[in-house]
Amino acid sequence: MGSRNQTSTSTERAIAEEAARGGFSSVGNIAVRVAGIAPTRVDMRFAGTPQQQLGISLGTILAYMSTHLTAQAIADKWAAAAPMARGLSQVLPVQRHGAMASGPWLLSAMVRFAGMPTVNADVLTAQPGRELPTMLRIQVGPVTWELADAAAYSSMLSAWRIAADLLAAPCGESPPV
């Protein structure tokens, strides 16, 4: 609970400092479309210390968090979307990946999650006349993942579970299997 208040206070301090300089900027929302097995990676630094930090790469998003509470809340709510993921195709055919591209650019982002971010899930059904497939949309704080197939959902759920397990393990012990 104390670290949540510290994070909120440091965020408020950063906003106040920007406002004092006469400006402010904030990223309100990021949307990421994913098909197939998403490239994921989980790294832990300073495990078991007050400075511990977990980095999780999910496609083009790099997210940081430091508490088990944060990672577990996200992993649990991501897992709760499983019934909605059953309506997705197993793997989106490669020739359909082009329909999901938003432009001729590559975009990535880094996000720091703290406390208990809001996690919402819903299904975007395919619309007649549009090439986009039915997708599962999962929004975690400011990041929205639009998952086009079950392979994308499963690979990202696995990464969130690994993150929660790593942050749950006491210093010097292996995470539960």
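**Helix α4 and its aromatic neighbours**

Let's start with helix α4, whose buried residues (under 20% relative accessible area with a 1.4 Å probe, protein chains only) are Ala150, Ala151, Ala152, Tyr153, Ser155, Met156, Leu157, Ala159, Trp160, Ala163, Ala164 and Leu167. This is a predicted model, in which local features need pLDDT of at least 70, side-chain atom pairs count only at pLDDT 80 or more, and totals for chains, interfaces and linings use all residues. Numbering runs from 1 along each chain as its sequence is written, and side-chain values use heavy atoms, leaving out hydrogens and water.

Helices here are DSSP runs of H or I with at least four residues, strands are E runs of at least two, and both are numbered from the N terminus. The 19 residues of α4 should span 27 Å at 1.5 Å a residue (1.5 Å times one less than the number of residues), and the end C-alpha atoms are indeed 27 Å apart.

Now look at tryptophan 160, which has 0% relative accessibility. Rings of Phe, Tyr and Trp (its six-membered ring) pair if their centres lie within 6.5 Å; planes under 30 degrees apart are stacked, over 60 edge-to-face and the rest tilted. That rule gives four aromatic pairs. In one of them, tryptophan 145 meets tryptophan 160 edge-to-face, at 6.3 Å centre to centre and 80 degrees between the planes. Tryptophan 145 lies in strand β8 (residues 143-147) and tryptophan 160 in α4 (residues 150-168), so their pairing ties together parts 15 residues apart in sequence. Tryptophan 145 is buried too, at a relative accessible area of 0%. Ring pairs join Trp145 and Trp160 with Trp78 and Phe113 in a cluster.

Notes: Buried means under 20% relative accessible area, exposed over 50%, partly exposed in between (1.4 Å probe, protein chains only).
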